[in-house]
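These are my notebook entries on a single structure, written in the order in which I looked things up. I kept each entry to what I could read off for particular residues and elements.

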Amino acid sequence: MALDQSFVGRTYPPTPPYEVGREKIREFAEAIGDANPAYTDQEAAKELGHPDVIAPPTFVFAITFKAASAVIEDPQLGLDYSRVVHGDQKFAYTRPVRAGDRLSVTSTIEAIKSLAGNDILDIRGEVHDASGEHVVTAWTKLVSRAPEGA
């Protein structure tokens with residue numbers, strides 16, 4: 001069953017703040033194999049003009065995808081998550097994520113499309129710091145596969 005187009009434009013409440021820690025950034029950089037010293041060394045980050053270590057660009061996915069759960073789990077939307085695959089991801093940064101940031105995400109359903117029986121859901125996550133400054137916008141595309149034989 002196709003997702004309801006009337007959900008396009010629906011915005012969900014901001015998430016509680018997520019505090020970005022140096023150790024989480026270091027662990028993430030290690031996990032993705034990126035040895036950029038700006039991710040692990042405060043002095044290297046400061047030499048580049050940052051007040052503290054910064055996070056790799058994809059670090060914010062964990063925060064924005066968790067925030068998208070408000071959309072995914074909305075019973076009125078009726079998304080069958082057991083049929084969902086991640087279709088695409090992109091980010092537009094105002095500034096890097098830094099250790100010490102307290103980030104909140106507001107998720108909005110940007111588009112719903114049906115193609116060949118599959119539902120495609122575009123979610124935009126606006127990430128702001130504790131002072132309300134925009135940090136990054138993340139777009140997540142989810143594809144809910146059509147049931148077998150549909």
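Entry 1, terms and a loop residue. Before sorting residues by accessibility I fixed the cut-offs: a residue is buried when its relative accessible area is under 20%, exposed when it is over 50%, and partly exposed in between. I also noted at the outset that this is a predicted model. With those cut-offs in hand I went to Ala116, whose relative accessibility is 78%, so that it counts as exposed. Ala116 sits in the loop between β3 and β4, and I looked up its backbone as well: phi is near 55°, which is a positive value in a residue other than glycine.

Entry 2, overall layout. I counted three helices and five strands in the protein, and following the chain from the N terminus I read their order as β-α-α-α-β-β-β-β. Taken along the principal axes, the C-alpha atoms fill a box of roughly 55 × 30 × 20 Å. Of the 150 residues, 39% count as buried. I then turned to contacts between residues at least 6 apart in sequence, and found that 69% of these join residues at least 24 apart.

Entry 3, aromatic pairs. How many aromatic pairs does the structure hold? I found three, and I wrote down two of them in detail. One is formed by Phe28 and Phe59, which meet edge-to-face with 5.5 Å from centre to centre and 85° between the planes. Phe28 belongs to helix α1 (residues 22-32) while Phe59 lies in the loop between α2 (42-47) and α3, so this pair ties together parts that are 31 residues apart in sequence. As for accessibility, Phe28 is partly exposed at 23%, whereas Phe59 is buried at 5%.

The other pair I recorded is that of Phe61 and Phe65, whose ring centres are 5.2 Å apart and whose planes stand at 25°; planes under 30 degrees apart count as stacked, so the pair is stacked. Both residues are in helix α3, and being four residues apart there, they are separated by about one helical turn. Phe61 has a relative accessible area of 27% and is partly exposed, and Phe65, at 21%, is likewise partly exposed.

Still on rings, I checked for a charge over a face and noted that Lys90 lies over the face of Trp139, at 5.3 Å from the ring centre.

Entry 4, the largest pocket. I next asked which residues line the largest pocket. They are Thr15, Pro16, Tyr18, Lys24, Phe28, Phe59, Ala62, Ile63, Lys66, Ala67, Leu103 and Val105. The elements that give two or more residues to this lining are α1, α3 and β3 (102-115), and the largest share, four residues, comes from α3. By class I sorted the lining into nine nonpolar, one polar and two charged residues. The space in this pocket comes to about 230 Å³. Phe28 and Phe59, the edge-to-face pair of the previous entry, are both among the lining residues.

Entry 5, the cavity. I then looked for enclosed space, and found one cavity of 30 Å³ or more, with a volume of about 30 Å³ for the largest. Its lining consists of Thr64, Ala68, Ser107, Ile123, Arg124, Gly125, Ala138 and Thr140. At least two of the lining residues come from each of α3 (61-72), β4 (118-128) and β5 (134-144), with β4 giving the largest share, three residues. The classes here are three nonpolar, four polar and one charged.

Entry 6, Arg95. Is Arg95 buried or exposed? Its relative accessibility is 8%, and since buried means under 20%, I entered Arg95 as buried. Arg95 is found in the loop between β2 (84-93) and β3. Leaving aside residues up to four places away in sequence, I listed its contacts as Asp101, Asp129, Glu133 and Val135. As a last distance I took the C-alpha atoms of Arg95 and Arg145, which are 50 residues apart along the chain and are separated by 35 Å.

Technical notes: Residues are numbered from 1 along each chain as its sequence is written. This is a predicted model: local features need pLDDT of at least 70, side-chain atom pairs count only at pLDDT 80 or more; totals for chains, interfaces and linings use all residues. Side-chain values use heavy atoms; hydrogens and water are left out. On a 1 Å grid over the protein atoms alone, a cavity is a set of points where a 1.4 Å probe fits but cannot get out, and a pocket is an open set with protein on both sides within 12 Å along at least five of seven lines; lining residues have an atom within 4 Å of a point. Grid points are joined across faces, edges and corners, and a volume is the space filled by probe spheres set on the points. Ala, Val, Leu, Ile, Met, Phe, Trp, Tyr, Cys and Pro count as nonpolar, Asp, Glu, Lys and Arg as charged, and the others, Gly among them, as polar. Rings of Phe, Tyr and Trp (its six-membered ring) pair if their centres lie within 6.5 Å; planes under 30 degrees apart count as stacked, over 60 as edge-to-face and the rest as tilted. Buried means under 20% relative accessible area, exposed over 50%, partly exposed in between (1.4 Å probe, protein chains only). A charge sits over a ring if NZ of Lys or CZ of Arg is within 6 Å of the ring centre and within 35 degrees of the ring normal. Contact means heavy atoms within 4.5 Å.
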